Amino acid sequence: MGNGKRLAINMVATIVAFVVNMGISFFLSPYVIEHVGVDAYGFVSLANNFVNYASIITLALNSMAGRFITIAIHKGNKEEANKYFNSVLLANIIICFVLLIPAVIMIIFLEKIINIPLDLTLDTKILFGFVFLNFALGIINTTYSIATFVRNRLDLNSKRNIESYIMKAVILFVLFTFCTPKIAYIGIVSCIISLYIVLWNIKYTKQLLPEIEINKKFFEVKKIMEIIKSGIWNTITRLGQVLADGLDLLICNLFIDSVAMGQLSIAKTLSGVISNLLSTIAAIFQPQLTIYYAKNEIDNLISELKKAMKITGAFANIPLSYLIVFGSLFYSVWVPNQDIQLITILTILTVQGEIIVGIITPMYSIYTITNKIKVDAIIRLITGFVVVGVVFVFVKTTNLGIYAVAATSIILSSIVNVTFVPIYVSKKCLNIKWNTFYPIILRYIATNLILIAVLFGIRYFIHVENWITVFGTAFITGIVGLICNYLVLFSNKEKKDLMHNLLKILKRGEK
């Protein structure tokens, strides 16, 4: 199957999965908040953040495994691929057992580590326990999910994701409706869903990578050290990201209160879903980018990267612009009993950074593909420490409180994304002109400004606040966003190609 057709299939499957997940989140999140309260809901996000902290340990190994296995497979070196795969799998199993001890100790003394209301202590501990168990399943799944990456069959992942989202929603709805509401249900159901995904990925590995044999004879410490040597910088990068924006809920819990933590969690819910969408869409391009690099087809790699940037940018600016302009309207319908003004302001602060990330996200994969991660890792780590220091000073010496927590990381991270990332990817990773990607970035910024300005003009005439208005404004935003992206973001050649393909589809429909 051609690259273009495979890309289209992967893209459609990913979008459908996102729409299903977003639709479920729309109705499930306020339902859960209504049953357990905003402060309890905040502990769900906090538990997931703790897992993100723990994942830093595994990142050095797992972030580069796909790259090494993919290149070995496409170079026809099956023995090397087996050595990488088996070594990573066994190492991940060992890591799960090693992390079990500190996880159990932390859960036992959890109320001494974070602030938990007395009536939520046991429920929160059970939640954390299952979230960490889910983390262990995720580590194992990371190895087996490489199969769909190697064969560029990410559509299979999307299909399973759609099923898992629906299963999760149904099970949670039943539990919260017919049982005493507990936040622990979220952790329990997540484990069930992860096990389902793991079993499917094991099956895909057997189908897509028949040359891979699970056998301890292929295990080599040397292969693990080779991957870790490259991946350790991804660990440092992740640590910097956690310091920059992953400690915000913990800081709110420790230095403000659990209610503020819950409010910030609500504000980050939708932007978080969109951020995951961007990462997922960018990941669609990564297998082909890796294949181009393995075959030394650098011109094709650059062309594919530019395409990826524009597509992720278009997917980012439409929903994020909607949250900026219509956020207060949306929250007044979605979570009407919360502090709408505060949550809206926090959302706008959070969204600013995600808009920039929209166009930059595909570039991150180039670090891994070219195995040039060190400098970016150091920059991210320094930025993370600066963010934590600045936030701590603001929280302790000013009345900005939760606003300082939400805004600081966004401002500093955005500066790094706009100034450092495009230049480093161009000069050091791909050996091309430093400003190669800035025309696309400038077009993207212009597109966002025009889109937001037009939407604010529309917002002036809209006052009714109900679900009809929410869906209506979302539809309008989608249409206006598509027009703005078509007219401003895409080049004349891309417009002609788009119209040509559209006309071909219409002619086929007439036959």
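Visitor: What makes the second largest pocket a space you can put a number on?

Guide: In this predicted model, about 260 Å³ of space lies in that pocket. Its lining has 13 residues, and the closest to the centre are Cys96, Leu100, Phe132, Leu133 and Ala136.

Visitor: Which helices supply the lining of the second largest pocket?

Guide: Helix H3 (78-108) and helix H5 (121-144) each bring at least two residues. H3 gives the most, with seven residues.

Visitor: How do you know what class of residues lines the second largest pocket?

Guide: Just sort the lining by class: twelve residues are nonpolar, one is polar and none is charged.

Visitor: Back to Cys96. Why is Cys96 called buried?

Guide: Buried means under 20% relative accessible area. Cys96 has 18%, so Cys96 counts as buried.

Visitor: And what makes Cys191 buried or exposed?

Guide: The cut-off is again under 20%. Cys191 comes out at 7% relative accessibility, so Cys191 is buried.

Visitor: How many disulfides are there?

Guide: A disulfide is a covalent bond between the sulfur atoms of two cysteines. The pair of sulfur atoms has to be within 2.5 Å, and by that rule the count here is zero.

Visitor: How many salt bridges are there, then?

Guide: The count comes to seven salt bridges. Side chains of opposite charge can pair when their charged atoms come close.

Visitor: Why is the pair of Glu80 and Lys223 called a salt bridge?

Guide: The rule asks for a side-chain nitrogen of Lys or Arg within 4 Å of a carboxyl oxygen of Asp or Glu. For Glu80 and Lys223 the closest N and O atoms are 2.6 Å apart, so the pair qualifies. The two sit in distant parts of the chain: Glu80 in helix H3 and Lys223 in helix H9 (residues 221-246), 143 residues apart.

Visitor: What makes Lys223 buried or exposed?

Guide: Its relative accessible area is 7%, and buried means under 20%, so Lys223 is buried.

Visitor: How do you know which parts of the chain Lys83 and Glu220 tie together?

Guide: Lys83 forms a salt bridge with Glu220, with the closest N and O atoms 3.2 Å apart. Lys83 lies in helix H3, while Glu220 is in the loop between helix H8 (184-208) and H9, so the pair ties together parts that are 137 residues apart in sequence.

Visitor: Why do Lys83 and Glu220 get their labels?

Guide: Lys83 has a relative accessible area of 15%, which is under 20%, so Lys83 is buried. Glu220 has 23%, in between the 20% and 50% cut-offs, so Glu220 is partly exposed.

Visitor: What separates Glu304 and Lys307 along helix H12?

Guide: They are three residues apart in helix H12 (residues 298-334), which means about one helical turn separates them. Their side chains meet in a salt bridge, 3.6 Å from N to O. Glu304 is buried, with a relative accessible area of 4%, whereas Lys307 is partly exposed, with 35%. Elsewhere, Glu79, Lys83 and Glu220 are joined into one network by salt bridges that share partners.

Visitor: What else is in helix H12?

Guide: Ile302 is one of its residues. At 13% relative accessibility, which is under 20%, Ile302 counts as buried.

Visitor: Which residues does Ile302 touch, not counting residues up to four places away in sequence?

Guide: On that count, Ile302 touches Leu430 and Ile432. The C-alpha atoms of Ile302 and Ser426 are separated by 9.5 Å, and the two residues are 124 residues apart along the chain.

Note on methods
Residues numbered from 1 in each chain as written. Predicted model: local features only at pLDDT ≥ 70, side-chain atom pairs only at ≥ 80, totals over all residues. Heavy atoms only, no water. 1 Å grid on protein atoms, 1.4 Å probe; cavity = no way out; pocket = protein on both sides within 12 Å on 5 of 7 lines; lining within 4 Å. Points joined across faces, edges and corners; volume = space filled by probe spheres on them. Helix = DSSP H or I, 4+ residues; strand = E, 2+ residues; numbered from the N terminus. Nonpolar A, V, L, I, M, F, W, Y, C, P; charged D, E, K, R; others polar. Buried < 20%, exposed > 50% of the residue type's maximum accessible area, 1.4 Å probe, protein only. Contact = heavy atoms within 4.5 Å.
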